[in-house]
Amino acid sequence: MENEIINNYNKAMQEIKDEEKKKLADATDRVKAKSEVMKLDLSNKEIEDYVFKKLVDYIKE
């Protein structure tokens, strides 16, 4: 009986650890995806700034 309680406890603790690892992996994936989107946004902003600057330079001429 005592071994069964200990085994059930260990099994429950392992399930909790596995669930936390999965949550951490999911959170890491979300952060990586958000980072990629931010890089894309930054890239788009750089392109917009470059085009705007070229347009201003063209108008000045």
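**Extent and surface of a predicted single-helix chain**

Colleague: What radius of gyration does the chain have, set against a compact globule of 61 residues?

Modeller: The radius is taken over C-alpha atoms, and the globule rule is 2.2 Å times the number of residues to the power 0.38. For a compact globule of 61 residues a value near 10 Å would apply, whereas the chain has 26 Å. This is a predicted model, in which local features need pLDDT of at least 70 and side-chain atom pairs pLDDT 80 or more, while totals for chains, interfaces and linings use all residues. Residues are numbered from 1 along each chain as its sequence is written, and side-chain values use heavy atoms, without hydrogens and water.

Colleague: What box do the C-alpha atoms fill along the principal axes?

Modeller: The chain has one helix and zero strands, both being DSSP runs (helices H or I, at least four residues; strands E, at least two) numbered from the N terminus. Along the principal axes, the C-alpha atoms fill roughly 90 × 5 × 5 Å.

Colleague: Is Tyr-9 buried or exposed?

Modeller: Tyr-9 lies in helix α1, residues 2–60. Buried means under 20% relative accessible area, exposed over 50%, and partly exposed in between (1.4 Å probe, protein chains only). Because its relative accessibility is 52%, Tyr-9 counts as exposed.

Colleague: What percentage of the 61 residues is buried?

Modeller: Lys-11 also belongs to helix α1, and its 53% relative accessibility is why Lys-11 counts as exposed. Over the 61 residues of the chain, the buried share is 0%.

Colleague: How far apart in space are Lys-11 and Lys-23?

Modeller: In sequence, Lys-11 and Lys-23 are 12 residues apart. From C-alpha to C-alpha, their separation in space is 18 Å.
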